[in-house]
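Please look through the sequence and the model shown here before reading on. The paragraphs that follow move from one part to the next.

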Amino acid sequence: MTSLPRHNTPKKLGLVIDLDVCVGCHACVVACKEWNTGGYGSALSDQDPYGAGVSGAWLNRVHGYEVTPDGRDRVVIGEAGDARVVHFPKSCLHCDDAPCVTVCPTGASYKREDDGIVLVDEDKCIGCGLCAWACPYGAREMDLAAGVMKKCTLCVDRIYNETLEEVDRVPSCVRTCPTNARHFGDLADPSSEVSHMVSERGGFDLMPEQGTRPVNKYLPPRPRTPLAASSAPAADDTADATGFFGWVDRMLDRI
Amino acid sequence: MHPAFSIIVFTTLSGLGYGLASLLGLGLLDPAQPATKVAHAAALALIAGGLVSSTLHLGNPQRAWRALSQWRSSWLSREGVLAVVTFLPLTWSAYLSVFESRWDPVIGVIGTALCAATVFSTSMIYASLKSVDSWHTPWTPASYLGFAAASGMAASAAFGAAGGASLLWPLAGGAAVLVLIAWAIKTGWRKQALRPPLSTPESATGLGHIGKVRQLEPPHMTDNYLTREMGFRVARKHARKLWLIALVMGCGVPAVLLAGLAVFPESAGSTAVLVTLVSVLSLMAGIMVERWLFFAEARHAVMNYYR
């Protein structure tokens, strides 16, 4: 049944993504594709992979945004007018009120009762694409080779996989992130590490107005030093040069 | 949103088929007339053709039967179930007309109600999506029902004229009125479609509390499934012209012709057949342009990540 679980799931497994730390290296994107093309369900196909119009199904994408502070915010993320870059990884948010699940006509889309992971049963999927239309976040992409809908599984074939080392029992994107910008945990448990991060850093939902109640949370960029305070010294000013460089500077001036 | 040709054909032709079938169910045409028998067959063919066309865009059409299972939550599934169920009274009514030259009011009205329910379910597939602002409104089912009724009534007038109906003016006049009502609803729909969007790049990224957000680098150099499916732009460029074309072909031409036929009912025979036929064709062309715009102009929330 593609009805949502009637009660809150006892666990809400999901990700916390730190927008302050992400450097936009796309390692999570590649690790996700690599793991999921050989794991759960059909391979993640690419079309025209070596041509000019290459495209394919990806379950995780990193966008890059420029946000220009307008000085409204009480916490100064940056000086008004000084734009800053925010790297923005985006994958399925495993919403509590997932609109992609209820629109599914076949029962292929479902939200798990025990841990809240939203999955697609690819043997039932007819590839109508309606779930991708229902998702405001663009978390679902059709696999054009298999004709079925693909989405983040939260690496369900890793996190419970006892044949893996315990340290590897996290989603592939989390395991690979070199800057530790992605965190995995139970967001229903207020004492979990991810829940602490969310409450301490003011973690937020994406598009709360869509009423989807996403499980994944994002942590905002931290305040930074104003650009004016870190301006580069003037190139020709050598007044503070001392020692060897001071001597070289004086000798070169004489020539 | 990408306007898939199969979906446009499906929604317009099945709308015409259900509209015609629902009016046949009300017994507006003489069941003994050969033209009425053809009308029954045409309605069934249009509905069946539309349903087949709707499976063409599926990734795995061989599993389409599974779409009948989730009627408790999914409007798409409800539409499928209702479409199958509706075939029963419609085929029965067609059988009675074709082979026994009679109309059964009970079976007819059941068919009419199920036709309306099916078109309503089709429209609710779109109206239930909160991610597409312009669709997520009661105006969407109203306009789908309006167009189905108008095109069905225009087709009834055409079959009535072909069958030499003694009272053609109520059919033609009714069709003209329904055409006007349908486009009045559509105009209301279009007005609300221009509301400010629910979501913005600021709410999509959650960075709105800092300031204005704009895209610096898209996630990939080329397009992807999301931008192809949700970010269609061709028709937006010509949206104004297309809307005028839809109004002239879908509203102006058929409304004038059908009203003219209602006012001058003595012009029966081949003239009436020609006038109603042109009305139906023009109306359908206008509705197809309207349906194209319904998809092409719709803005999906995910495109906030690509601006």
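In what order do the 3 strands of the open sheet in chain A stand, and how are they paired? The order is 10-1-11, and the pairing is mixed; strands here are DSSP runs (E, at least two residues; helices are H or I, at least four), numbered from the N terminus, and two strands pair if DSSP finds at least two bridges between them. Strand 10 (182–186) and strand 11 (217–219) of chain A are at the edges with a single partner strand each, so one side of each has no neighbour in the sheet. On average, neighbouring strands of this sheet are turned by 25 degrees against each other, direction ignored.

This is a predicted model, in which local features need pLDDT of at least 70 and side-chain atom pairs count only at pLDDT 80 or more, while totals for chains, interfaces and linings use all residues. Residues are numbered from 1 along each chain as its sequence is written, chains are lettered from A and ligands numbered from 1 in the order in which they are written, and side-chain values use heavy atoms, with hydrogens and water left out.

Within the same sheet, strand 1 (residues 13–18) of chain A pairs with strand 10 of chain A in the antiparallel sense over 5 bridges, and L13(A) stands opposite D186(A) of strand 10. Helix 6 (residues 193–201) of chain A lies across strand 1, strand 10 and strand 11 of chain A, and runs at about 115 degrees to strand 10 of chain A (axes are lines fitted to C-alpha atoms, for helices over the stretch in contact, and angles run from 0 to 180 degrees between N-to-C directions).

Strand 4 (residues 60–69) of chain A has 9 of its 10 residues buried, so it is largely enclosed by the rest of the structure; buried means under 20% relative accessible area, exposed over 50% and partly exposed in between (1.4 Å probe, protein chains only). Strand 4 of chain A is joined by 8 bridges to strand 5 (residues 84–91) of chain A, running antiparallel, with F88(A) as the bridge partner of H63(A). Another 6 bridges join strand 4 of chain A to strand 1 (residues 211–217) of chain B, again antiparallel, and here Y65(A) stands opposite Q215(B).

The contact between the chains (heavy atoms within 4.5 Å) takes 67 residues from chain A and 58 residues from chain B. Y65(A), I126(A) and W133(A) supply 16% of the area that chain A buries against chain B, more than any other three residues, where buried area is the accessible area (1.4 Å probe) that two parts lose on being put together, summed over both.
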